Amino acid sequence: MLTPKNKQDFFSIKTPIKYEGKDSDNPLSYKYYNAEEFVFGKPLAEHLRFAACYWHNFVWPGTDPFGGMTFERPWFGEDIVNAKAKADVAFEMFKLLGVPYFCFHDADVRPEGDSFKQSLYNLELITDYFAEKMNKQDTRLLWGTSNLFSNKRFMSGAATNPDPEVFAYAAATVKSVMDSTFKLGGENYVLWGGREGYETLLNTNLSKELDHLGRFMNMVVEYKHKIGFKGTILIEPKPQEPTKHQYDFDVATVYGFLCRYGLEREVKVNIEQGHAILAGHSFEHEIALASTLGIFGSIDMNRNDYQSGWDTDQFPNNVPEVALAYYEILKQGGFKTGGTNFDAKLRRQSINPDDLLIAHIGAMDVCARGLKTAATMLKEGALISKIDLRYAGWEAKMGKDIVDGSHSLQSLHDLVLEEDIRPTPYSGQQELYEMIVNRYM
Ligand code: XUL
Ligand code: CO
């Protein structure tokens, strides 16, 4: 096994991965992701805003319910020396890939101390170490987050725990990770309610738990303004897993929650492809709905296996699906503070260190193809002009009067009677739309 001392040799290459074009058979090259290529008014890199995550890449040991660790990483071990060795390899990977951003949870990067004070000290030490590295190689922080789900203290929830001491511990944790995120110039702060939900209603006070979560989120927003953090606060919806029923089920549920607790102008969403699938939606549905509601923030571009019914966090490999997601993103003006984070993990048999590079390269190529496809679709406007035609009636008098409030049930009743209105069905032409989209794929 490698030791922290020879971690420099972890990957087989030392120089950053280059764009070589689609005919290259070098697995350690980009075939489609040319960071500088201009698409729709700006370089691909600025559209995609790629981020690699710390947790699945450098912390997850490859376990599954039937087997233990398959990845032997030289930095596994809960102490500062190993945490720094892990940071060295992580930043080496960010540099080799040329990803502009990374993301982390507190628990991914610092050893857990035996008190909150010790954990805090470790976090500060490691994030100062990050700051030096970030300056040297121009890697930026897309978002920070806190892990409020792994430690057993959070087994019954964090902000929704029946015990206020756990709420307090969670609040203290989020404050400290918001501070670190702010210190590192993070562009967003994410809250995924990992155990904010319940297993059985029989032991749960649903109404109290929701109010506590609402209070918690308000505290986060108050603190953001207090310290002058200009980034975006993001909630990441997920319908279930780990709890049977998560309170942040999907975009629609999160929006209802935000409105109820007066947060709809303060908090946006980080939408994950796999979570959308678990909720019974498509990724593009979740993005389109968030855009419509004005709460679209960022994405986790990792897919689920469609058969497994649980969260498999696989790297994306389906260009048409990815294209439809970016189509919705471009349509609403592209990312602002958000980006494309891969919250993805290797399959547990992929034990070569370079598999980490190959997985990201493949995923970034898929995203580049998807984004370019989406940009062409949008530029040519084939779908949009057809959709406009489909709704053209709403530009005529009756449609306008309905929308601006000039009509009531009574007045429409009278109008239908007087003018003998007989709507004639016309085709929705789904197959035609699908045919048009396929021309771009
Ligand atoms: C879990 C998940 C998290 C969040 C950050 O399913 O997606 O990793 O992205 O806590
Ligand atoms: Co995620």
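Which side chain has a polar atom that lies 3.0 Å from an oxygen atom of ligand 1? In this predicted model, that side chain belongs to Lys238. Taken on its own, ligand 1 would expose 290 Å², and the protein buries 94% of that. Two further side chains come in with N or O atoms: His105 sits 2.6 Å from an oxygen of ligand 1, and for Glu236 the corresponding distance is 2.7 Å.

The full shell around ligand 1 takes in Trp55, His105, Trp143, Trp192, Glu236, Lys238, Glu272, His275, Asp300, Asp311 and Asp343. Sorted by class, that makes six charged residues, three nonpolar and two polar. The three tryptophans, Trp55, Trp143 and Trp192, make up the nonpolar part, while His105 and His275 are the polar pair.

Next come the enclosed spaces. Searching the whole structure turns up four cavities of 30 Å³ or more. The largest cavity holds about 140 Å³ of space, and 15 residues line it, with Leu191, Trp192, Gly193, Glu196 and Leu213 closest to its centre. Trp192 thus turns up in two places, since this residue is also part of the shell around ligand 1. Helix H7 (residues 206-227) supplies the largest share of this lining, at three residues. As for the make-up of the wall, eight of its residues are nonpolar, four polar and three charged.

The second largest cavity comes to about 60 Å³. Its lining is made of Gln273, Phe283, Met301, Arg303, Pro316, Asn317, Asn318, Glu321 and Val322. Here the split is four nonpolar, three polar and two charged residues; Arg303 and Glu321 are the charged ones.

Among the open spaces, the second largest pocket offers about 430 Å³. Of the 15 residues along its wall, Leu383, Ile387, Gln430, Tyr433 and Val437 lie nearest the centre. Three helices each give two or more residues to this lining: H11 (319-331), H13 (382-390) and H16 (430-440). The pocket also brings two domains together in one lining, with at least three residues drawn from domain 1 (4-24 + 33-380) and at least three from domain 2 (384-440). In terms of class, the wall has eight nonpolar residues, five charged and two polar.

Key. Residues are numbered from 1 along each chain as its sequence is written. Chains are lettered from A and ligands numbered from 1 in the order in which they are written. This is a predicted model: local features need pLDDT of at least 70, side-chain atom pairs count only at pLDDT 80 or more; totals for chains, interfaces and linings use all residues. Side-chain values use heavy atoms; hydrogens and water are left out. A residue is near a molecule or strand if one of its heavy atoms lies within 4 Å of it. A polar contact is a pair of N or O atoms within 3.5 Å; within protein, one must be able to donate a hydrogen and the other to accept it, and residues adjacent in sequence count only if both atoms are side-chain atoms. Accessible areas come from the Shrake-Rupley method with a 1.4 Å probe; for residues, only the protein chains shown count as cover. On a 1 Å grid over the protein atoms alone, a cavity is a set of points where a 1.4 Å probe fits but cannot get out, and a pocket is an open set with protein on both sides within 12 Å along at least five of seven lines; lining residues have an atom within 4 Å of a point. Grid points are joined across faces, edges and corners, and a volume is the space filled by probe spheres set on the points. Helices (H or I, at least four residues) and strands (E, at least two) are DSSP runs, numbered from the N terminus. Domain bounds come from an automatic or database domain assignment.
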